[in-house]
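Visitor: I would like to go through this model with you, one question at a time.
Guide: Please put your questions in whatever order suits you.

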Amino acid sequence: MAAGRRAPPEPGGGPVLLQGIFGAGPTPGAAACSLALTARELQVRRPGGSSGGSTGPDAALRLADCVGSAAFPAAAAAACFSLVCYPFRGPRWGSPARQRLERTFRVCLGPDAEGNLRIAQAWSRRIRELSVPAVPTQDGDSYGVLPRPCRALVLLNPQSGAGRALEDFQAVVQPMLAEADIATTVFVTERPHHAHEKVRDEDLSQWDTLVVMAGDGLLYEVVNGLMERPDWADIMKKPLCILPGGSGNALAASINHYAGNDHVAKKKLLTNCAFILCKGLHTQMDLVSLSTASGKRLFSFLGFGWGFISDVDIDSEKYRRLGNARFTLGTLQCLAKLRVYQGRLSYLPADPEQGTPPAPRDPHAPVTNGQAGCILPPAGTEAPGALPADSLLVPLCQPVPAHWTVVPEEEFVSVYAIYQSHLGTNLLMAPAAQLHDGCIHLFYLKAGISRVALLKIFLAMARGTHLDLNCPHLRYVPVRAFRLEPRAAAGIMTVDGEALACEPVQGQIHSRLCRVLSGS
Ligand SMILES: Nc1ncnc2c1ncn2[C@@H]1O[C@H](COP(=O)(O)OP(=O)(O)OP(=O)(O)O)[C@@H](O)[C@H]1O
């Protein structure tokens with residue numbers, strides 16, 4: 001199995017598309033090697049190489065690991081072509097990481113400099129073409145690939161996490177993007193809401209992708225800024241990309257997980273996510289529309305919470321400089337002062353078998369968009385630019401529809417509705433979640449759980465095995481919509497890790513509402 005991936009790679013080889021004998025390096029005296037390019041790899045054989053009489057190459061560079069290739073003239077009428085790959089390399093202990101590997105080959109087939117350069121360019125062009133990721137076909141037309149050359153607007157929060165986002169971007173990400181022919185314009189945020197205003201108000205047509213180098217909070221700003229534009233439906237087709245610069249980095253960890261990569265953090269996670277951007281494959285992502293009793297409508301890509309988990313998230317903000325360790329410290333502090341929250345939780349199960357059978361629908365009943373008391377126009381008659389209708393919700397002032405499930409208990413330690421696999425770099429909360437599974441993964445912890453049981457759940461969540469504990473206080477149900485009505489304005493609510501005033505909230509999934517760079 002290739003280091004760094006949970007899934008085994010496909011075998012290389014296949015028919016040879018190009019072959020030739022070139023210098024194994026840019027300098028004139030480099031030993032000659034024989035190259036064979038197949039659809040999946042560049043195979044290198046050296047005379048007297050380790051493959052000896054066997055048919056296998058001495059080295060094979062997987063094009064799935066390749067981010068770029070260039071051709072250029074060299075001394076003495078020669079030309080060169082090079083390729084840059086980021087294969088996984090494993091330390092003896094710990095998780096393997098993608099590491100840069102550049103190989104250059106010298107073309108000197110005669111005294112004609114232009115002829116040599118043409119050959120080098122032909123190899124380089126073919127390597128670039130074959131390095132474009134294959135678009136998965138099992139899921140209709142939901143996938144796309146960024147164009148080359150590509151123009152990216154990078155929204156970067158210098159205060160995210162431990163405050164190293166700008167340095168890390170310049171040291172780790174920018175060189176990789178240059179190799180992949182992705183030109184960047186970096187917008188450094190100066191205050192909260194800065195990115196929100198930027199993407200809401202500006203012409204974004206010159207960018208092929210919007211990259212967020214920050215924590216999940218900045219991406220939340222960007223998503224909601226984009227959804228406030230009159231052209232939101234078009235602009236949401238522009239792929240978004242998350243590069244982990246924050247402390248939680250839940251979406252980055254989820255995308256790394258969906259790509260089949262081993263669990264990693266910090267620079268290794270950043271390199272994996274930058275590699276995903278370099279390859280350019282993007283797909284659709286679900287968003288959840290949240291409506292509050294005070295009339296706010298918010299769009300969320302990660303999760304909504306109330307109680308313990310949200311308390312940890314917000315209480316640990318002051319330890320932001322510790323990076324991900326802030327959550328461990330916050331968990332221990334919140335465990336010490338464990339609280340119970342009272343309210344009513346209702347949901348529409350994703351699997352109708354799990355709920356009460358749907359009540360016959362009144363054909364004359366008004367359709368609502370979930371904002372308190374707001375009634376939607378009939379489908380198809382919405383004003384241009386109108387936001388997507390919350391067709392599963394009724395106004396918060398009305399009882400939930402009869403086919404919803406109302407949780408009998410009304411005392412909770414925590415309620416968390418997540419739509420990605422990871423709640424943080426080290427918390428695999430919803431192992432079954434996918435980018436567009438049309439599902440909200442609803443977890444709730446009933447009052448009465450002991451501190452020890454709660455700690456065990458969080459420790460097991462590092463491996464995603466918390467449900468295997470069969471804790472009677474922990475419930476999990478995949479849903480399409482939910483409503484939470486706190487009995488008092490007690491406790492912190494969070495959306496995508498950002499604090500929200502505590503009030504009645506409901507939300508529903510909107511399938512495939514935006515696009516995101518992803519490795520699979
Ligand atoms: N220049 C800035 N100074 C202070 N705050 C900012 C600035 N730019 C953005 N913010 C705000 O900082 C908040 C947190 O940002 P972000 O999500 O990037 O980092 P984080 O909270 O450390 O990461 P995570 O969400 O992964 O825990 C956001 O609410 C954002 O509005």
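Visitor: How many helices and strands are there in the protein?
Guide: This is a predicted model, in which local features need pLDDT of at least 70, side-chain atom pairs count only at pLDDT 80 or more, and totals for chains, interfaces and linings use all residues. Residues are numbered from 1 along each chain as its sequence is written. Helices (H or I, at least four residues) and strands (E, at least two) are DSSP runs, numbered from the N terminus. Counted in that way, the protein has ten helices and 27 strands.

Visitor: Into which domains is the protein divided, and what separation do the centres of domain 2 and domain 3 have?
Guide: The bounds, which come from an automatic or database domain assignment, give domain 1 (16–131), domain 2 (144–286) and domain 3 (291–378 + 389–509). Taken over C-alpha atoms, the centres of domain 2 and domain 3 are separated by 26 Å.

Visitor: Which element gives the largest share of the side of domain 2 that touches domain 3?
Guide: With contact meaning that the C-beta atoms of two residues, placed from the backbone, lie within 7 Å, 25 residues of domain 2 are in contact with 26 residues of domain 3. On the domain 2 side, the elements that give two or more residues are helix 4, helix 6 (250–258) and strand 15 (281–292). The largest share, seven residues, comes from helix 4.

Visitor: Which residues surrounding the ligand are the closest, and which helix gives the shell its largest share?
Guide: The ligand is surrounded by 24 residues, a residue being near when its C-beta atom, placed from the backbone, lies within 6 Å. The closest are Ala214, Gly215, Gly217, Gly246 and Gly248. Domain 2 and domain 3 each supply at least three residues of the shell, and the largest share, four residues, comes from helix 4 (residues 216–227).

Visitor: Which strand is the bridge partner of Ser346 in, and which residue is that partner?
Guide: Strands pair if DSSP finds at least two bridges between them, and strand 18 (residues 341–349) pairs with strand 24 (residues 474–486) in the antiparallel sense over seven bridges. Strand 23 (residues 440–446) also pairs with strand 24 in the antiparallel sense, over six bridges, with Leu442 opposite Val477. As for Ser346, the bridge partner, in strand 24, is Arg483.
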